[in-house]
Each structure stands twice: as structure tokens, then as C-alpha cells.
Amino acid sequence: MAEKTLFQKIANGEIPSEMVYEDDQCFAFRDINPQAPTHILICPRKPIPSLDDITEDDGELVGHLSLVATRIAAEEGLTNGYRTVYNCGEHGQQSVPHLHLHLIGGRQLNWPPG
Ligand code: AMP
């Protein structure tokens with residue numbers, strides 16, 4: 001069996017986290033190194049390594065992650081906006097090889113991100 005990813009270990013409680021949302025397709029928890037007052041990671045239960053690895057079959061799942069991000073943003077009171085980001089691969093500075101959508105908000109964000 002494949003080694004569990006860091007985020008699978010978070011999903012099953014092997015690694016502690018502050019979980020903010022869970023359903024049968026995904027889970028969301030606060031980033032351990034927040035870049036803004038709200039910084040939440042939304043992950044599919046399916047351990048897709050990165051955005052580069054999604055297929056046509058994952059379309060609904062990836063749409064679901066965005067929908068969940070909007071719900072959490074509302075719950076977090078991010079009425080002035082927020083940012084969602086998939087880091088992908090080396091140039092995208094992805095550090096955990098389990099697909100995750102960053103939800104970042106609660107302060108004025110800058111662009112370009114660097
Ligand atoms: P990325 O660099 O896009 O792959 O994002 C990985 C994110 O996971 C980073 O923002 C880390 O701060 C976050 N992270 C790593 N380990 C943990 C953990 N144990 N609990 C919560 N967030 C984590």
C-alpha cells in the first residue's frame with residue numbers, strides 16, 4: 001500500500017490539526033504557518049499529488065473544493081474578499097504532494113504574489 005501523505009495523516013487524526021470542515025469528498029484545516037488571519041487548506045480525501053495529476057474524472061471534485069472554499073470564506077466572515085491558490089510543482093513552490101487549495105484572507109493581499 002502507498003505511504004500515507006501528510007494530509008491523509010491529518011485527515012485520520014494521526015497528526016493533530018484544527019479541522020474546520022469535513023464531508024465525504026474533502027476536509028479543511030488551518031494552515032500551521034498562516035500567511036494571513038485566515039489561512040485554510042482544503043484537500044480532497046483522494047490523495048491526488050498535484051493539480052497536474054487531475055483528470056476529467058476529477059472535474060466535479062475540483063469544483064467541489066472551490067465551492068467549499070466559498071462556504072468557509074463566508075463562515076470566516078471574509079466579506080471583503082480572499083484568495084484561493086493551488087501551488088503546483090517546483091516553480092509553484094508546492095511542498096506537500098497532496099492536492100490542496102489554499103484559502104487566504106482577512107487582510108489586504110498583494111499582487112503579484114512573488
Ligand atoms: P504548499 O507549499 O502549497 O504545498 O502548501 C503546504 C502547506 O501546508 C504550507 O502552507 C504549510 O504551512 C502547511 N502545512 C505543513 N504541515 C502542516 C501541518 N502539520 N498542519 C497544517 N498545515 C501544514
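## Close-up views of the ligand site and pockets

**View 1. Secondary-structure elements lining the largest pocket.** In this predicted model, the lining of the largest pocket receives at least two residues from each of helix 1, strand 2, strand 3 (38–44), strand 4 (82–85) and strand 5 (101–105). Helix 1 makes the largest contribution to this lining, with three residues.

**View 2. Centre and composition of the largest pocket.** The largest pocket holds about 890 Å³ of space. It is lined by 33 residues, of which Gln-35, His-39, Asn-87, His-102 and Ile-104 are the closest to its centre. By class, the lining of the largest pocket comprises 14 nonpolar, 14 polar and five charged residues. The ligand occupies the space of this pocket.

**View 3. The shell of residues around the ligand.** The ligand is surrounded by 16 residues, and those that come nearest are Asp-31, Asn-87, Ser-95, His-100 and His-102. Asn-87 and His-102 thus appear in this group and also among the residues closest to the centre of the largest pocket. Seven residues of the shell around the ligand are nonpolar, seven are polar and two are charged. Helix 1 (6–11) and strand 2 (26–30) each provide at least two residues of the shell. Helix 1 gives the most, namely three residues; helix 1 likewise supplies the largest share of the lining of the largest pocket.

**View 4. Backbone contacts to the ligand.** Polar backbone atoms of Ile-32, Gln-93 and Val-96 face ligand atoms in this view. At Ile-32, a backbone N or O atom lies 3.1 Å from a nitrogen atom of the ligand. At Gln-93, a polar backbone atom is 3.2 Å from an oxygen atom of the ligand. At Val-96, the distance between a polar backbone atom and an oxygen atom of the ligand is 2.9 Å. On its own the ligand has 500 Å² of accessible area, and the protein covers 84% of it.

**View 5. The second largest pocket.** About 180 Å³ of space lies in the second largest pocket. Its lining consists of Gly-77, Leu-78, Thr-79, Asn-80, Gly-81, Tyr-82, Arg-83, Gly-105, Gly-106, Arg-107, Gln-108 and Leu-109. Three residues of this lining are nonpolar, seven are polar and two are charged.

Technical notes. Residues numbered from 1 in each chain as written. Predicted model: local features only at pLDDT ≥ 70, side-chain atom pairs only at ≥ 80, totals over all residues. Heavy atoms only, no water. Near = heavy atom within 4 Å. Polar contact = N/O pair within 3.5 Å; in protein donor to acceptor, adjacent residues only side chain to side chain. Areas by Shrake-Rupley, 256 points an atom, 1.4 Å probe, with all protein chains shown as cover. 1 Å grid on protein atoms, 1.4 Å probe; cavity = no way out; pocket = protein on both sides within 12 Å on 5 of 7 lines; lining within 4 Å. Sits in = over half its atoms within 2 Å of the grid points. Helix = DSSP H or I, 4+ residues; strand = E, 2+ residues; numbered from the N terminus. Nonpolar A, V, L, I, M, F, W, Y, C, P; charged D, E, K, R; others polar. Points joined across faces, edges and corners; volume = space filled by probe spheres on them.
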